[in-house]
Amino acid sequence: MAETKANPFDMDSSNFDAEKYLERLLKDCSLKQIMDTEAAVVKDTQTLHSDMQTLVYENYNKFISATDTIRRMKDDFKQMETDVNLLMNKMQSITTFSEQITGTLQGTRSQLCRLSEKHSLLKRLQFLSTLPAKLKSLIEEQNYAQAVQDYLHAQKVFAQYGRQPSFDGIQRDCDAIMADLKEQLRTDFQRAGNTAQSLTEIGELLLQLDEKTSDLASEMLTCAGKRLHEQIVMLQDQTERDMLEFVDMGIDGFLNDLALVVTSYFDMFVAKHYEHERDDFQENALQELNVFLNQNIEKYLTLVQDRVESDIGYGDTQVMLRALDRLHRRLQAMRNICRGLEVQRNTVAIIIAAAHQLCDAHAKNLKDHFADSLSAVRLSLVSAKSDAAAGLNLGDLISNLYVSMVEKIKGVLQDLLIFLRTDWSFNIKAEHKGALCVEGIRENLLIGFLRHIAKVMCGFGDASSSSPPNLLLVLSKTCLELEQQGVHILIALVDDLYEIDSENSATLTHETEICAEMRETAQSLLDAYVRLQGTNISQMLRKSVETRDWLNCLEPRSVRAVMKRVVEELGSIETVVASLYEANTNAASGFRTTASSDSSRKTYFSNFASTSKPQYRSNWSNYTPSQLESSYVSNIHRLFSERVEIFTSVEFTKASIIMGIIKIGLKTLLECVRLRTFSKFGLQQIQVDAHYLQMNLWRFVSDENLVNFLLDEILGSAVQRCLESVLMEPNAVEIICERG
């Protein structure tokens, strides 16, 4: 295989290319990073020069020392040659003496070997004679391992010489002692509270003493299970500790004991072959060990999951994830240690569940925060002293509500990003459920909360709701702000933070859907505002018509107070609406700052056909009373008029909003007039009131023809319902209106 090409950007490499390194540095790094790199290179260069000088000085000293040594060696070489020759002569003498000794002892060598063997045998026999006392002493000292080792070592001698009476007694004593030890070890093995280390040590000793393997294997798992259950019970009581301490206690206690039991059991009963056991013993032992391991892992992880669920929303998320990361690493290490075993559960499922639960907790917090924000807005509107003051303050309320919601959502998205940190040992995005979790942050949390906002705000616009009008206006404008920029900012943020390709996904909600819902909610709230304000105007007008005796009216001398109140109310509403929806001054907007010709001076009202058609005057005063009684006049007017839609959606402009309110009020006045019967002076009072409205309402709307048409209808209906249809002179009407 070809060698990997050396890195030209590595300064320590022989293939370092300074030009390429400099080019890459200038391309990828900022000016500050380049200056920092220069300082680091200068510092490293100075350090290298210093190290080279030190190395040169040290080697120079060593070279001088070596030169002196060579010089001394030359001086001592002659003396050394003399000593070597002398040593050679002495070695020859030693060789001669050795040959003489070997020849002398040749006859007694075999006798010396026999004596040595007898000496060894006597030592073994001496060991056997003192063995019972030694075993008792070791057992009293609780040095069980040494006692078993000595006993097993003596078994070979007993097997060879046990038939002799003297050795037979020693063997019986030793067997009795070891039988008692075996019983004691078995009792200790079954005693509750044994640690995994003690279980392993005692189990090894019992196996060496020929305990039945299958029984010992089952008993070891049973005793270890009791000990591990005690660890679980102890961990359940550690509620005052934080998550990191809780997991550390579980790792140091429960998991370490479990790993020791598993590895010891595996080495004792699975890795070894026992002649006196069945052929499938090892397979069954491995299966039982696997079941034991997974049952205890399941118990512990269930306890951890319960603790995580109790901490979600209350504890520190970063501390919790650090603890779960440490636990995940430990379980991964256990998988590597427990070869041949299958650990069925891991911590990723717990982490994903924690992410979902934290999303739910954040969703609840967002909804609570939103509800508190709405309550604060309502309180501010209720405490406002006047509508004019409220109008000046609505912009701040909308800004605070919008900014607080957006910033709160941004903070939540940033908090949840901690699950995707690259330094964690787990990677939930790599898991299928984890990918759904990430998408759930977008869909369930963000999109769900945005839809919750739209649903809650839309609820304020229901007919059954008793919401203040200005609240509807604030909520409508807030939804419009979200539709225009907030939704895009938040969805772009979550897609960027969590690397979600929402544009090419068929399952994810598109930005336009949420924007459409926000737009629809804003429209619904604005229409509700218009209906509510129109209803308030209508109630004033209806009461003013229904509570007056129109058949016994005096000749009108002034405009009725209710008409002045209506104009004042519309002025207050215009101030509030204008603070949020400023009308454009260009020609396309249709907003007028001056009245059109003859708009404020005529007394007879024009019929409305369309904005592009010419104005038609009504000539009620030119007809005789008999002609006025005929319905043909009004029918002729309606032939040249278009149907006026009253309860229609308004546009997000000041003129459209005010016009919607005026239409509702004038339509109510029209219907009330149609239900009353008027005298001559009652008709003239309606004439004066209508002219006063015509003089003042033109400045609120962009199309005064529609207002003129409705006022024309009101006056026409009053004429039809009048017993003596005689209108006032136009000059007199104008004088009364200008004076009133």
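The following dialogue goes through the reasoning behind some labels applied to this predicted model.

Student: How many residues and which elements are we dealing with, and what is the mean pLDDT?

Tutor: The protein has 740 residues, of which 43% count as buried, and it holds 23 helices and 2 strands. Its mean pLDDT is 77, and 75% of its residues reach 70 or more.

Student: Why is the pair of Phe254 and Tyr300 called stacked?

Tutor: Two cut-offs have to be met, namely ring centres within 6.5 Å and planes under 30 degrees apart. The ring centres of Phe254 and Tyr300 are 5.2 Å apart and the planes lie at 15°, so both conditions hold and the pair is stacked. The structure holds 5 aromatic pairs.

Student: What makes this pair a tie between separate parts of the chain?

Tutor: Phe254 belongs to helix 9 and Tyr300 to helix 10, which covers residues 281–311, so the pair ties together parts that are 46 residues apart in sequence.

Student: How do you know whether Phe254 and Tyr300 are buried or exposed?

Tutor: A residue is called buried when its relative accessible area is under 20%. Phe254 has a value of 0% and is therefore buried, and Tyr300, with a relative accessible area of 0%, is buried as well.

Student: Why does Gln231 count as buried or exposed, and which residues does it touch?

Tutor: Gln231, found in helix 8 (residues 213–236), has 9% relative accessibility, which is under the 20% limit, so it counts as buried. Leaving out residues up to four places away in sequence, Gln231 touches Gly253, Phe254 and Asp257.

Student: What makes the charged end of Arg307 a charge over a ring?

Tutor: The distance part of the rule asks for CZ of Arg within 6 Å of the ring centre, and the charged end of Arg307 is 5.0 Å from the centre of the Phe246 ring, over which it sits. Likewise, the charged end of Arg548 sits over the ring of Trp550, at 5.3 Å from its centre.

Student: Which residues touch the most other members of the largest nonpolar core?

Tutor: That core has 171 residues, and Phe419 and Tyr498 touch the most other members. The element giving the most to this core is helix 9 (residues 243–270), with 16 residues. Apart from the largest core lies another, of 6 residues, including Val148, Tyr151, Met178 and Leu205.

Student: What makes Leu205 eligible for a core in terms of burial, and where does it lie?

Tutor: Leu205 lies in helix 7 (residues 196–208), and its relative accessible area of 10% is under 20%, so Leu205 is buried. Its C-alpha atom is separated by 9.2 Å from that of Gln149, 56 residues apart along the chain.

Student: How many disulfides are there, and why are Cys515 and Cys553 called buried?

Tutor: The count comes to 0 disulfides, judged by whether a pair of cysteine sulfur atoms lies within 2.5 Å. Cys515 has 12% relative accessibility and therefore counts as buried, while Cys553 is buried with a relative accessible area of 9%.

Student: Where does pLDDT stay under 50, and why does that call for caution?

Tutor: It stays under 50 over residues 583–591, for which the model has 9 contacts beyond four places in sequence, and over residues 597–632, for which it has 78 such contacts. Where pLDDT is low, the predicted coordinates should not be read in detail.

Notes
Residues are numbered from 1 along each chain as its sequence is written. This is a predicted model: local features need pLDDT of at least 70, side-chain atom pairs count only at pLDDT 80 or more; totals for chains, interfaces and linings use all residues. Side-chain values use heavy atoms; hydrogens and water are left out. A nonpolar core is a set of buried Ala, Val, Leu, Ile, Met, Phe, Trp, Tyr and Cys residues joined through side-chain atoms within 4.5 Å. Buried means under 20% relative accessible area, exposed over 50%, partly exposed in between (1.4 Å probe, protein chains only). Helices (H or I, at least four residues) and strands (E, at least two) are DSSP runs, numbered from the N terminus. Rings of Phe, Tyr and Trp (its six-membered ring) pair if their centres lie within 6.5 Å; planes under 30 degrees apart count as stacked, over 60 as edge-to-face and the rest as tilted. A charge sits over a ring if NZ of Lys or CZ of Arg is within 6 Å of the ring centre and within 35 degrees of the ring normal. pLDDT is the predictor's confidence in each residue, from 0 to 100. Contact means heavy atoms within 4.5 Å.
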